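Student: I would like to learn how to read salt bridges, helix faces and surface patches from a set of coordinates. Could you take me through them one at a time?

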Amino acid sequence: MIFASDNWAGATSAVMTALANHTSGFATAYGVDPLSRSIEQQFNDLFEKEVAVFLVSTGTAANSLALATYAKPGGAVFCHEDAHINVDECHAPEFFTAGNKLIGIGGEHGKLTPDALRSAMDKVPDNNPMHGRPAAVSISQVTEFGTIYQLDEIQALADVAHSRNVPLHMDGARFANALVSLDVSPAEMTWKAGVDVLSFGGTKNGCWCAEAVVFFNPEESEGFEYLRKRAAQVFSKARFISAQFEGYLKDDDWLASARHANAMCMRLANGMRDIEGVRLPIEPQANELFPVFTKAQAARLEAAGAKFYDIPADFVSEDEVFLRLVTCFATTPEMVDEFLEHLRG
């Protein structure tokens, strides 16, 4: 009953098979091997246009280096106050942007609104060194509370960012989960909706350590190779990151994995709706669930071996706890049903 994080799962058989297929023999180092070049073309096909794509090993590297590309002296990056880049990356974005400030903005269930973003950006006016200057806007898709931006919401935020001549970055750690939930194309959820640069996540959805930074205006990626090298994200045996993406993307395995994860989340949510003491303050939209349990229920589950995280919240009573449960490609119906059985007591 592992619901702590989709990072706890291993890798899919498709990813591991691809890795095994490229284990033997020799290949050019540092990402100029034929496999890596073919993956770059696959990203062009995936997004229906020529993109500049750079493979890295972690989401923190992808986010930090993407933002560093647009960094400015005195720059400010606007994001949700609970964004991963603001809360969970040990200030790496500030470090790699040479001190650009992250400005966290409130918003219900992890989502920014155009009005809130505009108001925050208005406090950093142009041509006033006393206040710095905007450098980028970043959103998470899926958000840190399991919610999803609709296409028109992405476009509205992109319009605000572009009105100040800064790019919109998307942290797509759970990109596939959002994509299958919206049932749209990768192009529709990114550059067609105004996204300029994407952190394309693979690790949470079945890769071992494979992420990508995707620039939808390739000319904006100038200098990224130097940033990536300086951040120790240029791998001599880069074909093994490329191999993961080969297996991940083959036969749309990545989409099947995401659909399964989302379905398991809905199975979990639907199974607990009629259980006394359980509340669902946030409706699940992808593969993350944020229920409120009684402390007794949470303790009973932990004693039975269930793994999950609790989150501080001021809207629960002293007898309750606010939790995060995450499903993934490796979550089985049996795991979900066992969890629900213990939850019912």
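Tutor: Let us start with a single side chain, bearing in mind that this is a predicted model. Arg-273 has a relative accessible area of 38%, so this residue counts as partly exposed.

Student: With which residue does Arg-273 form a salt bridge, and where in the chain do the two partners lie?

Tutor: The partner is Glu-283, and the closest N and O atoms of the pair are 3.0 Å apart. The two residues link distant parts of the chain, for Arg-273 sits in the loop between α11 (253–272) and β8, whereas Glu-283 sits in the loop between β8 (279–282) and β9 (288–294), 10 residues apart. Glu-283 is also partly exposed, at 43% relative accessibility.

Student: How does a salt bridge inside a helix read, and which residues of α2 show one?

Tutor: The general idea is that an α-helix has 3.6 residues a turn, so residues three or four places apart point the same way. In this structure, Arg-37 and Glu-40 form a salt bridge whose closest N and O atoms are 3.0 Å apart, and the two are separated by about one helical turn because they lie 3 residues apart in helix α2 (residues 34–47). Both are partly exposed, Glu-40 with a relative accessible area of 27% and Arg-37 with 41%.

Student: How many salt bridges are there in the whole structure, and which residues are linked in a network?

Tutor: A search of the whole structure finds 12. Asp-6, Arg-174, Glu-288 and Arg-324 are linked in a network of salt bridges.

Student: Turning to burial, which residues of helix α6 are buried, and why can they be said to line one face?

Tutor: In α6 (residues 114–122) the buried residues are Leu-117, Ala-120 and Met-121. Viewed down the axis of α6, they fall within an arc of 95°, so they line one face of the helix. The face turned away from this buried side carries the exposed residues Asp-115 and Asp-122, while the cover over the buried residues includes β2 (75–80), β3 (101–105), β4 (133–140) and α7 (151–163).

Student: Which residues make the nonpolar surface patch?

Tutor: Ile-2, Trp-8 and Tyr-309 make a nonpolar patch of about 300 Å² on the surface. Of these, Trp-8 is placed in the segment before α1 (13–21), and its relative accessible area of 45% makes this residue partly exposed.

Note on methods: Residues are numbered from 1 along each chain as its sequence is written. This is a predicted model: local features need pLDDT of at least 70, side-chain atom pairs count only at pLDDT 80 or more; totals for chains, interfaces and linings use all residues. Side-chain values use heavy atoms; hydrogens and water are left out. Buried means under 20% relative accessible area, exposed over 50%, partly exposed in between (1.4 Å probe, protein chains only). Helices (H or I, at least four residues) and strands (E, at least two) are DSSP runs, numbered from the N terminus. The arc is that of the directions from the helix axis to the C-beta atoms. Contact means heavy atoms within 4.5 Å. Patches are made of residues with over 30% relative accessible area and no salt bridge: like charges are joined within 9 Å, nonpolar side chains (Val, Leu, Ile, Met, Phe, Trp, Tyr) within 5 Å. Accessible areas come from the Shrake-Rupley method with a 1.4 Å probe; for residues, only the protein chains shown count as cover. A salt bridge is a side-chain nitrogen of Lys or Arg within 4 Å of a carboxyl oxygen of Asp or Glu.
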